[in-house]
Structure formats: structure tokens, C-alpha cells
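Please look over the sequence and the structure below before reading on. The report that comes after them is meant for someone who has not met this structure before.

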Amino acid sequence: MKLYCLSGHPTLPCNVLKFKSTTIMLDCGLDTTSVLNFLPLPLVHSPRLSKLPGWVSKDGTINLEKRELLDLSTIDVILISNYHCMMALPYITEHTGFTGTVYATEPTLQIGRLLMEEVVNFMERVPKAQSATCWKNKEIQRMLPGPLKDAVDVWTWKRCYSMQEVNSALSKVQLVGYSQKVELFGAVQVSPLSSGYSLGSSNWIIQSHHEKVSYVSGSSLLTTHPQPMDQSSLKNSDVLILTGLTQMPTANPDGMLGEFCSNLAMTIRAGGNVLVPCYSSGVIYDLLECLYQFIESASLGTTPFYFISPVANSSLEFSQIFAEWLCHNKQTKVYLPEPPFPHAELIQTNKLKHYPSIHGDFSSEFRQPCVVFTGHPSLRFGDVVHFMELWGKSSLNTIIFTEPDFSYLDALAPYQPLAMKCVYCPIDTRLNFHQVSKLLKEVQPLHVVCPEQYTQPPLTQSHRSDLMLELQPPPMPYRRCSVLNLPFRRRYERVYILPELANSLVPSEIKPGVSVATVSAVVHSKDNKHTLQSVPKPPPVAPSKKRKRVMDEPPVVMTPKPLLSGAVPLEAFLATLQKHGITEVKVEETADGHILHLQAEDTLIQLEEDGTHIVCDNNEPLRTTLRDLVLRFLQKL
């Protein structure tokens, strides 16, 4: 069993597991931090951005990163754990010769589609005059200013995919439900479990009859809107592959929510606007729920909240209809009937308004001071670029970062000097090191495999041993482009026996409660399932004077020799030898049993736990006699 690591980003994993002749890709996260090397893409021409010194890509597109380590056309199945970990799917399914199946839950598929559609929309609505690719040449790259000249493997960066590629990729997705067992080629079963992180997010169990691998990615034990994490099904794992822990182990999500609300209220009371760069699904649901409870107490009832995204309406509606994927409290609201999320009430009372873009209705209904939720969190594309240009010059305004995927300082770099206040409140509900250590003690896997980043403290906090995994035995670390031989071997395989063959067996009891029978059969293997069938009898051959060819003769079926069971008791065997006239016997005790030296006959008999050996030179009658005496004490099966 081998594990290939294709991603260097622990929270955006992409691993390939080779297990029992199947090749399974675990997630296909897309590391988009490379967009920080590029200038923002404004909807209208920006004199300020165009006057910035340095090299500028002429095509205005964002190149996204994806690395490959093996032939992706050989992948049989892709398992998706959550919608953030499927953003590279079109690159794999449309450009590698992939012919397999993708498995994901329905919320993962639908919200993943929205996130991809949003990115494609952001890219395609920006006009592109020319394209430039020569800068990827190593000789030219060396002359670029930093950090571009230090960027690694820029030739692997890809243009953003199209909506046609997205639709084609998602057509290969097969929907699954929690605890549903899916058989892959008869070799292994895969099953998704609730991971508690986002709508439809999953951990995966990959098992055969005798081996079990658990894949834990992007999980949460906090009480938020998704179904709680299923921990019990992870028990008895031979190998547990762990990834997708929190990127902010020192930031408490509840504390960050409180800081988010207080900074938002302070800015609004001072007459300023609040900009929240965020994804169109996920944490935004919790932010809106928190604000729903906070608005009245903070006297913000008249402040408008705007959610601007090409998929804003779909995202808010999907969150309300996936009731079976929500936590128990939100499920019960559906049967009252009430909307599970309070943002439905915010929309009804016009406190929250959503728009596909800043054009059209938004421009006529827009009023300040206000709170705007929009994308993209990198500040490189989307409607957020317009608001940065609009509000960045006033110190009354505040930008609040809640997504942990990007360095907020790098994100703000092209907009400097910036007068607006900046607040960093990263909200990451995924497992922290304390929680995952407690989880691993409960489920007790034999081996843990994880990214090497989890086996050492962060570089900026090297003294914090609590910000790493300390397990016994130590976890097996992997890094980008590494291949691990997982530390267990398959020892058993399940074989089925046909009823008529089983009916012909004659068991013999070798000890209380244990019976053994010999069987002669033909092994029939199909779709990785093995069945014992009766040996076919050769058809009767009609007499013929013609000479037969060797190829025409039926195969000879040998009758199996009987198996022997039991032990040869030393005292009784010596007595039997004496009855047969063998009296001069010297007994020597060994670590494995006894050696009997028949001095007159110059013969040795080795009595051991797993076998009996008679060493007798040139005296076949004596050897045969001794063999028959030994067989008296053994049982034939």
C-alpha cells in the first residue's frame, strides 16, 4: 500500500492511495496562494494600479497552481471531503485522461459548483487585451522582481478553467450519503462519515475485509450548523491519514466572532463602512447568524448588510434546503416549519440584501454606512477590488478578514498606502492539536500518517510544543511530492465456498471447539471476489481407435494426502518402542522438543511441536516401522 502526496498545503490536500489494485485520489484541493503574486483585477480601469512599478502580466488572468507526481489517468476514483477541497477537479478530470468516478455528498457538489462558478465569473468578466506566457521562462523569471523571481515551478501554474469544463467535471460526480457503502471493483468499500466542518463535509472509511484505512480531512468538533462529527466509525483503523487541521491553532473561533462583531459595531457607530472579504459559502452562514443575534443589542437595526456575489442568491437558498445535512437543532426548525438559518428573516425584513454584482440594482439601492460581504478573500479579483478602491482612502472604514487561507498583509500589499483600518479575525473551526490528540486517543489507530508540518511547531513559534502532534508511536510524516509505503501488509483474503462443496466436507475435531476439514477445490476469481468450487469431473471418453493427442487428455486431479494432527507423547512413544524390541533409546531434550537416539539401530527421531523427523540411513524397513508407530498417535484429517 502506497500513499502519494501531490499537495504541499495541509488544508488543501491532494493525496493518492494505492490499495488492493485500486488507485484512489483523496481530495483535489487547489492552492490559490499564487494569486498573491499578481495585481488585482478591477472591473474598471484603475489609474492607481496601472501606475504601480514593476512587471505586470498583460493578460489580466489569474494562474492557478497544480502539481502532479504520477499519471493521473490511472486514477480509478476521487473521494471529495468538502467543497473547498474540490476546486482543482476540472484540471484533473478534463486534462489528464481521467476516466474514473468522483464521489461526493450532494451539498459538497452543489456548493462546490457555486464556488467554481463564482471564480470563473470573476475571471471572465475582466476584459483581456493580450496574453503573456514568456515570463515563465526561467531565464526571464530570474530578471523579475521578487517574489516572482523566487516563485517555484511557475510553469505548473494554470489558467482558470471555463464553465464548460466545470460542468463536464461535475457530471462525473456520483452522489453518496453518510454511512453509505460503495463497493469499488469488488476490492474495497468506501463510505463517507460526517466530519462536522461544513455542509456535507465528509471523512472517508476505505476498507477491505481485513484492512481499514480512515481519511480524516477538514473536521470539527464545535457546535456549528453542520451535522456533528462521527467519531465512533473511525475506531479500529490500521492506518489513519490525518490532514486539514486548523490553520489558526491559537485563535479561538468564539473569541474571533466576538472581536468581529465588536469591531463591526465600532466602525458603524463612527459612520464608517465595513468590508468583509469572504467565500460565498461556509463561515458566512455563521457570521450572519451571529450578527442576527447581535444587531438589536448593538443598535444596528437600521444598518444595511449587503452580500454581493454571482452566486449569492443560490448560496443562501441552498443553505436552507439541505436540512438533513444540518445539526439536530436546525433540523427540528424545518419541521415547525421555520427556516433553519436566521438569515432568511434578515432577508425578509430587508436588513440583508444580496446582489449578483455591484452593477444594476445594487448601485441604485446602495446606502452608507453599511456592511458588505463579498469575494474574493485574496483581494485579487471579484467585487472586493472595487470596494478597496472606493473605501481604502478613509480611516472611518474597516476591512475585517475572517478567512484564514491568505496572509492579510500580502493581500493588502497592492493597495498600500491604505487609510482604512484593518482587523484580522480568522475564524477556522477545524480541529486544533489538542482536539485531535484527544480524538486519536479515543479511536486508537495503529498508525497515523500526516503532513510534516504537523510534526513540528510553527517556525514563528518554535517553543510551542503544544502546536504539534506528539503521539506514540510517532506519526509518519509526508511532504509534497513524497511517496510513503504505509506500514502494514495484507495478510488475509476472504474466500467464499459454494454450498454443495461445503456440504461435502467432513470436519474432524482437533481440540474442543476447533474442527478442521480438508478440501480439494478450484478457486474462481472475478471482480476481486474469490470462490471455492468443486473440482469438475472429467467427462466420460468414448472408446476410440484413434491415437489421442496429449492436449485432448483431461487434467489429472491428484487425491490430496491426508493431513496429520496431534502430538506424540514421549512416555507413551518410548513404551511402544520397547514393545517392538527397541530398548536402547537415549533421550535428549531440546528447545523445540526431544531427540531420541536409537543406539543399536543408529537412528534419530526428532519429536518437535510442528513436525516429526526420522533420520535412518539405508534401512527402509526400520524407517517404515517407526513411521507407522508415530502415526498411531496422530489423527488423520
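What follows is a description of a predicted model, going from the whole chain to single residues and then to pairs of helices.

## The chain as a whole

The protein chain of this predicted model holds 637 residues, of which 49% are buried, and the chain contains 17 helices and 33 strands. When contacts between residues at least 6 apart in sequence are considered, 70% of them join residues that are at least 24 apart.

## Y178 and T105

Y178 is placed in the loop that runs between strand 8 (173-175) and strand 9 (182-184). Leaving aside residues up to four places away in sequence, Y178 touches T105, P192, L193, S194, G200, S201, S202, Q227 and W325, and one of these, S201, offers its backbone oxygen to the side chain of Y178 at 2.7 Å. Y178 and S191 are separated by 13 residues in sequence, while their C-alpha atoms are 7.2 Å apart in space.

T105, which is among the residues touched by Y178, belongs to the loop between strand 6 (101-104) and helix 3 (106-124). T105 counts as buried because its relative accessibility is 0%, and buried means under 20%. The side chain of T105 makes a polar contact, at 2.9 Å, with the side chain of T108; beyond four places away in sequence, T105 touches L175, V176, Y178, G200, S202 and W325.

## Helix 3 against helix 5

The axes of helix 3 and helix 5 (residues 163-170) come within 10 Å of each other and cross at roughly 165°, which means that helix 3 is roughly antiparallel to helix 5. Helix 3 passes helix 5 in a right-handed crossing, and the contact is made by L109, R113, M116, E117, V120 and E124 on the side of helix 3 and by M163, V166, N167 and L170 on the side of helix 5. Sorted by character, the residues of this contact comprise six nonpolar, one polar and three charged.

## Helix 6 against helix 7

For helix 6 (residues 253-269) and helix 7 (residues 283-294), the axes come within 11 Å and cross at roughly 60°, and the two helices are therefore oblique to each other. Their crossing is right-handed. In helix 6, the residues L257, F260, C261, S262, L264 and A265 meet L287, C290, L291 and F294 of helix 7, and the residues of this contact divide into nine nonpolar, one polar and no charged.

## The buried residues of helix 8

Helix 8 (residues 312-321) has buried residues at A312, S315, L316, F318, S319 and Q320. The elements that cover these buried residues include helix 3 and helix 7, together with strand 15 (305-308), helix 10 (343-348) and strand 16 (352-355).

## Helix 16 against helix 17

Further along the chain, the axes of helix 16 (residues 570-579) and helix 17 (residues 620-631) come within 11 Å and cross at roughly 140°, so helix 16 and helix 17 are oblique to each other. Helix 16 passes helix 17 in a right-handed crossing, in which F573, T576 and L577 of helix 16 meet L626, L629 and V630 of helix 17. The residues of the contact between helix 16 and helix 17 divide into five nonpolar, one polar and no charged.

Key
Residues numbered from 1 in each chain as written. Predicted model: local features only at pLDDT ≥ 70, side-chain atom pairs only at ≥ 80, totals over all residues. Heavy atoms only, no water. Helix = DSSP H or I, 4+ residues; strand = E, 2+ residues; numbered from the N terminus. Contact = heavy atoms within 4.5 Å. Polar contact = N/O pair within 3.5 Å; in protein donor to acceptor, adjacent residues only side chain to side chain. Buried < 20%, exposed > 50% of the residue type's maximum accessible area, 1.4 Å probe, protein only. Axes fitted to C-alpha atoms, helices over the stretch in contact; angles between N-to-C directions. Parallel < 35°, antiparallel > 145°, perpendicular 65-115°, else oblique. Left-handed = near helix turned anticlockwise from the far one by under 90°. Nonpolar A, V, L, I, M, F, W, Y, C, P; charged D, E, K, R; others polar.
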